[in-house]
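Here is a guided walk through a protein chain for someone meeting it now. Keep the view open and turn it as you read.

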Amino acid sequence: MGMPVRKLVILVALQLVLVVQLCVSSKFDEKPQFIKTCRFSDADFVACSTESVQGLFDKLVTGIEGLEHVGTIDPMKINKIRILQGDGPVSVNASLSKVVVTGFANTKVVRNVVSSRDFSWETHIKLPKMRIEGSYHMQGRILVIPLNGHGKCWFEPSDMDIIMKTTTTLYERDNHVFYNVTGSKVDFTISGLKLNMGNLFEGVKVLEDSTNQYLNDNWRPVSEALKPIIAKTIEDILLAIMQNIFHQIPAEYFVADLPRSG
């Protein structure tokens with residue numbers, strides 16, 4: 001490649017990078033209408049923040065213009081989840097792959113609290129029902145039952161009461177303040193659980209059916225056994241969404257009086 005051609009290629013590449021950067025940075029130079037802006041100084045800040053987060057969840061049902069790569073919140077897909085647990089009545093080495101999660105379209109945000117000290121959030125949400133489907137590999141036991149198999153599975157927890165704690169830091173870019181979402185931790189309670197795991201005993205259908213029936217009849221202790229899998233699923237979904245959204249939409253659109261450097 002001659003020198004003039006090489007310079008031309010480099011120039012075009014630099015121009016493309018600049019165009020991409022301008023597109024990304026200018027996407028949300030104006031606040032989207034669906035976002036309600038709140039202030040720490042407002043007496044009703046928690047109620048305002050709760051309404052603002054509810055508006056975000058509602059918009060994620062249909063998708064956010066300019067964030068098409070995020071997709072919608074229902075359904076959501078996860079490539080793989082791994083769980084290793086060895087305490088008490090549960091000893092499980094399990095993985096789920098090609099996971100599809102539905103139910104988040106009906107998210108009800110009960111309360112959202114943003115810390116003015118470290119800008120972390122504590123969000124209380126309710127879901128009438130969530131369904132997790134995928135392919136599982138499992139070795140271990142739940143209660144007194146050895147579970148060694150692989151195949152298709154689904155879990156349906158109902159009446160979920162979820163507390164999500166999210167850690168963030170602030171950074172500035174393009175004259176805006178952004179959230180850097182660094183982590184998310186989920187705890188929850190449920191009032192019911194249905195499930196089915198196929199091919200539990202290498203195709204012995206009678207044993208598989210009776211085991212699934214036993215697990216459904218004893219859903220309360222089973223739900224405790226499966227809690228790490230369900231919690232990790234929710235964490236992975238919400239963390240990926242939040243990291244994508246808050247890297248693109250300025251944080252001051254949600255909380256106007258966040259601090260700036262200088």
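Helices and strands are DSSP runs, numbered from the N terminus, where a helix has at least four residues and a strand at least two. With that in hand, a starting point can be placed: S184 lies in strand β7. Please keep in mind that this is a predicted model.

Let us step back to the whole chain. The chain has four helices and eight strands. Reading from the N terminus on, the order of the elements is α-α-β-β-β-β-β-β-β-β-α-α. Of the 262 residues in the chain, 45% are buried. How much of the contacts in the chain with a separation of 6 or more comes from residues 24 or more positions apart? Such residues account for 68% of those contacts.

Now return to S184 in strand β7. Is S184 buried or exposed? S184 has a relative accessible area of 13%, and buried means under 20%, so S184 is buried. Leaving aside residues up to four places away in sequence, S184 touches M164, K165 and T166, and also E235, L239 and M242.

Next, look for the sulfur atoms. The structure holds one disulfide, and this disulfide joins C38 to C48 with 2.1 Å from S to S. The pair links distant parts of the chain, 10 residues apart: C38 sits in the loop between α1 (3-26) and α2 (45-62), while C48 belongs to helix α2. The link of C38 and C48 is left-handed, with -90 degrees about the S-S bond. Both C38 and C48 are buried. Another cysteine to find is C153, which has a relative accessible area of 6%; because buried means under 20%, C153 is buried too.

The disulfide leads us into helix α2, where C48 is found. Does the length of α2 agree with what its residues should span, and what are the numbers to set side by side? At 1.5 Å a residue, the 18 residues of α2 should span 26 Å, and the end C-alpha atoms of α2 are 27 Å apart, which agrees. Many names appear among the buried residues of this helix. The buried residues of α2 include F45, C48, S49, T50, V53, L56, F57 and L60. These buried residues of α2 pack against β3, β4 and α4 (219-248). After α2 comes G63, whose phi is positive, near 105 degrees.

Two of those packing partners make a good next stop. Strand β3 (residues 108-114) and strand β4 (residues 121-129) pair in the antiparallel sense over six bridges. One of the residues to pick out is R111, whose bridge partner in β4 is H124. β3 and β4 form a hairpin with six residues between them, and F119 in the turn has a positive phi of about 65 degrees.

While you are at β3, find V110, which is in this strand. V110 has a relative accessible area of 38%, so V110 counts as partly exposed. Leaving out residues up to four places away in sequence, V110 touches T50, H124, I125 and K126. Of these, T50 is one of the buried residues of α2. V110 and D161 are 51 residues apart in sequence, and their C-alpha atoms are 9.6 Å apart in space.

Let us turn to the aromatic rings. Rings pair if their centres lie within 6.5 Å, and by this rule the count comes to six aromatic pairs. How do the rings of Y179 and F246 meet? Their centres are 5.5 Å apart and their planes stand at 90 degrees, so the pair is edge-to-face. This pair links distant parts of the chain, with Y179 in strand β7 (residues 176-189) and F246 in helix α4, 67 residues apart. Y179 is buried, with a relative accessible area of 4%, and F246 counts as buried at 5% relative accessibility. Ring pairs also link W121, Y179, F246 and F254 into a cluster.

Rings meet charges here as well. The charged end of R131 sits over the ring of W154, at 4.5 Å from its centre. K227 lies over the face of F188, 5.3 Å from the ring centre.

Methods:
Residues are numbered from 1 along each chain as its sequence is written. This is a predicted model: local features need pLDDT of at least 70, side-chain atom pairs count only at pLDDT 80 or more; totals for chains, interfaces and linings use all residues. Side-chain values use heavy atoms; hydrogens and water are left out. A disulfide is a pair of cysteine sulfur atoms within 2.5 Å. Buried means under 20% relative accessible area, exposed over 50%, partly exposed in between (1.4 Å probe, protein chains only). Two strands pair if DSSP finds at least two bridges between them. The expected span of a helix is 1.5 Å times one less than its number of residues. Contact means heavy atoms within 4.5 Å. Rings of Phe, Tyr and Trp (its six-membered ring) pair if their centres lie within 6.5 Å; planes under 30 degrees apart count as stacked, over 60 as edge-to-face and the rest as tilted. A charge sits over a ring if NZ of Lys or CZ of Arg is within 6 Å of the ring centre and within 35 degrees of the ring normal.
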